[in-house]
Protein chains: 2
Amino acid sequence: MPSQHDVAVRANVSFMTVSRVVNNHPRVKKETRERVLKAIRELGYYPDASARALNARKTNNIGLIFPRKEYVFSRSFYVELSVELEDQLSHRGYHLFLGMTKTGDDYRDPSHLVKERKVDGLILVAPPTGDPEVEHLNREGLPFVILHGRSDTADCDYVDTDNVLGTTLILEHLFALGHRRIGFVSGNMAEINAQDRFDTYRNELKARDIPFDRSVVYRGDWSIESGYDAFCALHRRKTDITAIFFSNDQMALGAIRAAYENNVLIPEDISISGYDDIKYASFAVPALTTVRQPLDGLAAATADLILGRLSGNQSPRKIVLKPELKIRSSCRRIR
Amino acid sequence: MPSQHDVAVRANVSFMTVSRVVNNHPRVKKETRERVLKAIRELGYYPDASARALNARKTNNIGLIFPRKEYVFSRSFYVELSVELEDQLSHRGYHLFLGMTKTGDDYRDPSHLVKERKVDGLILVAPPTGDPEVEHLNREGLPFVILHGRSDTADCDYVDTDNVLGTTLILEHLFALGHRRIGFVSGNMAEINAQDRFDTYRNELKARDIPFDRSVVYRGDWSIESGYDAFCALHRRKTDITAIFFSNDQMALGAIRAAYENNVLIPEDISISGYDDIKYASFAVPALTTVRQPLDGLAAATADLILGRLSGNQSPRKIVLKPELKIRSSCRRIR
DNA sequence: CTGTTAGCGCATTCAG
DNA sequence: CTGAATGCGCTAACAG
């Protein structure tokens, strides 16, 4: 691989001039520039990212960190989000580094990535509440942004959608359709998003003087399987619920399968709702009534925050976007 | 951020000794090592990846390249594969770099990543046939592996599953159930996997003296939408097909939706099959009969090949794994 | 407008 | 077993 030195020799200039040309420095005679450019082309020269990074103390890489290996499986919402993020960041000259923290003995601390300067900063996707890693990063002043979540202990940048509003939107829709007894299936309660949705559920019941009933609640973990299990469990319990709120689409999809196996019709016998509006939600049978989170907005805001952080912004910024209700056919008016 | 120099001062040794300790060099007196380790801990020292990379001319990063932005959306199979890959590579000390080549004027050439030494090598996921990029990489001798595909022009490493076998497995199953008139929905025909499946379809028909009928074939692009469109189109054409082979699960899922809207029952009125066995396939209603590709095996082989390449292997290796038929309920015996 | 000097943090080579 | 010198490829700061 040719270096600036090789180019310099070929173009009969010093390697410093080459460096200037490469970096579009204005003070280079046009004719010299052309000559250098020609040599660069002929040699197939490319600047060495490591050398640049070493010198500039900046890699132009951002780490995208998922909390568990299985996580990406469970929530295709995050796949769509990652693609959007890659798009945003690449337009601004950054590359995306993929990281998964594993659970158990295989646990990998993402802060290493920035301490070793593999990346300039981190995007933490939905970290568990009270994640020591978050506080660690915050304490050390390392640049990071939480995407889909926040920290109650550390004061840091985060981007999220309004879970209270989203959950309320769904529940109001259900109430408007005449439902009073509504089951609830949570996501992984280690995450604040799951907690928020649950809390909102309780509050909305209370606001309508509907007693909270633990037996119509099921703790899921966002996965299709847990949605399936949730439906089966709630069905076995023979409660009188007429609708179930699932904390994400995947679980609602699992429930559709479970309903089929249990010979219950959706929405004739029971209404169900999802959350996220993943791509597949509108193709399900029945199409899922759900809440859409603004992917583009989330990605753009996240890119903004992390890059702002890297360029020295100190004061934490919190961005909360509005979700939107998508009414389709998995919920119907109660008879 | 402290450097080896800072650690050296604190531990009263030269920075060279620090380097040795960091790299587990055996020839360091135990006592000295402890002292250095202590200083490292106290200072919170971490080796600088850029400096290391510059020196070693090796980044320990691998680029994972997807052909189009929309691609990951369309095939959740690749998400599952990516997670597996990250797992494999991280165990061997490598990090994964995410790259998407865009189409149109926003096209980004992935070879830049290795020329600029951001990564040591590339994993190309399902590149289009005759991709100039592949030949380019091959010509320049840059380390790369094709995952799910191959090159007819360039002689290079690739990992794939046996598309001929996979397609045959499905078709034999369909024939055994009595189907003779079988529709075909292709993936994106720019990709060799899509072509192989189509070719196999034609060959299997020919082997049974069933005439090939263009009107029961639809060109899809792997997406849910195209599966939906495919079903509608084939249905409108009023052919006498009793089964449809979809080149992946996503499209079959779209077809289930389309069938529902057109009041046709699966599998009572028509049998359909998928391909890939994505997570959701077994939860669909009806559960999809499909072909399972060995994710772990693909990921392990890919990791093997690219790392082998990096450590100097010259002769191209081609690995083709066997798929497995998953019989569920979307195909039934013809009356 | 162009070249020289120096140093980013680390590891290889060679001395002691 | 440890240290000193040297260079990886690049750029900022300072000459000329």
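Trainee: What rotation and what shift along its axis superpose chain A on chain B?

Mentor: A rotation of 180° with a shift of 0.0 Å does it, at an RMSD of 0.1 Å. The superposition is by least squares on the C-alpha atoms of residues with pLDDT of at least 70 in both copies. The two copies are thus related as by a two-fold rotation axis. The same surface serves both, since 100% of the contact residues of chain A recur in chain B.

Trainee: Anything to know before I go on?

Mentor: This is a predicted model: local features need pLDDT of at least 70, side-chain atom pairs count only at pLDDT 80 or more, and totals for chains, interfaces and linings use all residues. Residues are numbered from 1 along each chain as its sequence is written, while chains are lettered from A and ligands numbered from 1 in the order in which they are written.

Trainee: OK. How many residues of chain A are in contact with chain B?

Mentor: 39 residues of chain A are in contact with 39 residues of chain B. Contact means that the C-beta atoms, placed from the backbone, lie within 7 Å.

Trainee: And which element gives the most to that side of chain A?

Mentor: α6(A), with six residues. Helices (H or I, at least four residues) and strands (E, at least two) are DSSP runs, numbered from the N terminus.

Trainee: What is that side of chain A like by class?

Mentor: It has 22 nonpolar, six polar and eleven charged residues. Ala, Val, Leu, Ile, Met, Phe, Trp, Tyr, Cys and Pro count as nonpolar, Asp, Glu, Lys and Arg as charged, and the others, Gly among them, as polar.

Trainee: Now the sheet. How many strands form it?

Mentor: Twelve strands form an open sheet with mixed pairing, and β2(A) is followed by β2(B) in the order. Strands pair if DSSP finds at least two bridges between them. β2(A) and β2(B) run antiparallel, joined by three bridges.

Trainee: Which residue of β2(B) is the bridge partner of Phe97(A)?

Mentor: Phe97(B).

Trainee: Which strands pair in parallel within chain A?

Mentor: One such pair is β4 (144–147) and β5 (158–161), joined by two bridges. There, Ile146(A) has Tyr158(A) as its bridge partner.

Trainee: Last topic, the DNA. Which residues come nearest to DNA strand D?

Mentor: Gln4(A), Asp48(A), Ala51(A), Lys29(B) and Thr32(B), of the 23 residues around the strand. A residue is near if its C-beta atom, placed from the backbone, lies within 6 Å.

Trainee: Which helices supply that surface?

Mentor: α2 and α4 of chain A and α2 and α4 of chain B each supply at least two residues. The surface divides into ten nonpolar, nine polar and four charged residues.

Definitions and conventions:
Two residues are in contact if their C-beta atoms, placed from the backbone, lie within 7 Å.
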